[in-house]
Amino acid sequence: MFGPFRATSPLSGGLLWKIPFRLSAPQKARQRKRLRAVDTVIATVDTALRKQGSSLKEVERWKAEMPREEEMRPKDKYTVFDRKEKRYRKGVHKVPKWTRVSQRVNPPGF
């Protein structure tokens, strides 16, 4: 109990989370820039395929299901649905790999 190998108190032990509660303004700007970059890639691939006279099922499905950055509400740009959260939303920056995974569509009503 005493000495160099005593038990730590629960307050000082454990993992310290350093993720802030909300996104900062520069993080939001980078998120919007990432969303626009994905939109331009999809548009470029679609126009190139159209010039060749073909299309891809995946590109057509993306265009049908996923909203563009300017069509999204701010709530959908910066938060995602999470059934474990109190108000069913959490910041997109709390999602693992949030800069590489598209989180554009949420359940209706949330």
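Which helix does Q27 lie in? Q27 lies in helix α1, and this report comes back to that residue after a look at the whole chain. Please keep in mind as you read that this is a predicted model.

## The chain as a whole

Let's start with the overall layout. The chain has 3 helices and 2 strands. Reading from the N terminus, the elements follow the order α-α-α-β-β.

Of the 110 residues in the chain, 22% are buried. Contacts across the sequence are well represented too: among those between residues at least 6 apart in sequence, 57% join residues at least 24 apart.

## How α1 and α2 pack

Helix α1 covers residues 25-52 and helix α2 covers residues 57-65. The two pack at an angle of about 135°, and their axes are 11 Å apart. Angles over 145 degrees would count as roughly antiparallel and those from 65 to 115 as roughly perpendicular, so α1 and α2 are oblique to each other. The crossing of α1 past α2 is left-handed.

If you would like to find this contact on your screen, look on the α1 side for V38, I42, V45, D46 and R50. On the α2 side, the contact is made by V59, E60, W62 and K63. Sorted by class, the contact between α1 and α2 has 5 nonpolar residues, 4 charged residues and no polar ones.

## The nonpolar core

Which residues form the largest nonpolar core? That core has 6 residues, namely L23, Y78, V80, V92, V95 and W98.

V95 is a handy place to begin exploring this core. Not counting residues up to four places away in sequence, V95 touches V80, K90 and Q103. V80, another member of the core, also has a neighbour in space from the segment after β2. That neighbour is P107: V80 and P107 are 27 residues apart in sequence, while their C-alpha atoms are 9.5 Å apart. P107 itself is in the segment after β2, and its relative accessibility of 33% makes it partly exposed.

## Q27 and R22

Now back to the residue from the opening. Q27 has a relative accessible area of 18%; buried means under 20%, so Q27 counts as buried. Leaving aside neighbours within four places in sequence, Q27 is in contact with R22 and W98. W98 is one of the residues of the largest nonpolar core.

Is R22 buried or exposed? With 61% relative accessibility, R22 counts as exposed. R22 sits in the segment before α1. Setting aside its neighbours within four places in sequence, R22 is in contact with Q27 and H93. R22 and the core residue Y78 are 56 residues apart in sequence, yet their C-alpha atoms are 9.0 Å apart in space.

## D39 in helix α1

D39 also lies in helix α1. Its relative accessible area is 5%, under the 20% cut-off, so D39 is buried.

What does D39 touch, leaving aside its neighbours within four places in sequence? Its contacts are R68, E69 and R104. D39 can also be placed relative to M66: the two are 27 residues apart in sequence and 9.7 Å apart in space, C-alpha to C-alpha.

## The strand loop and beyond

Strand β1 spans 79-81 and strand β2 spans 89-91, and Y88 lies in the loop between them. Y88 has a phi near 65°, a positive value in a residue other than glycine. Its relative accessible area of 37% makes Y88 partly exposed.

R87 lies in the loop between β1 and β2 as well. R87 is exposed, with a relative accessible area of 74%. The C-alpha atoms of R87 and F110 are separated by 9.0 Å, although these residues are 23 apart along the chain.

Moving on to the segment after β2, you will find K97. Phi of K97 is near 60°, again a positive value in a residue other than glycine. With a relative accessible area of 51%, K97 is exposed.

Methods:
Residues numbered from 1 in each chain as written. Predicted model: local features only at pLDDT ≥ 70, side-chain atom pairs only at ≥ 80, totals over all residues. Heavy atoms only, no water. Axes fitted to C-alpha atoms, helices over the stretch in contact; angles between N-to-C directions. Helix = DSSP H or I, 4+ residues; strand = E, 2+ residues; numbered from the N terminus. Parallel < 35°, antiparallel > 145°, perpendicular 65-115°, else oblique. Left-handed = near helix turned anticlockwise from the far one by under 90°. Contact = heavy atoms within 4.5 Å. Nonpolar A, V, L, I, M, F, W, Y, C, P; charged D, E, K, R; others polar. Core = buried A, V, L, I, M, F, W, Y, C linked by side-chain atoms within 4.5 Å. Buried < 20%, exposed > 50% of the residue type's maximum accessible area, 1.4 Å probe, protein only.
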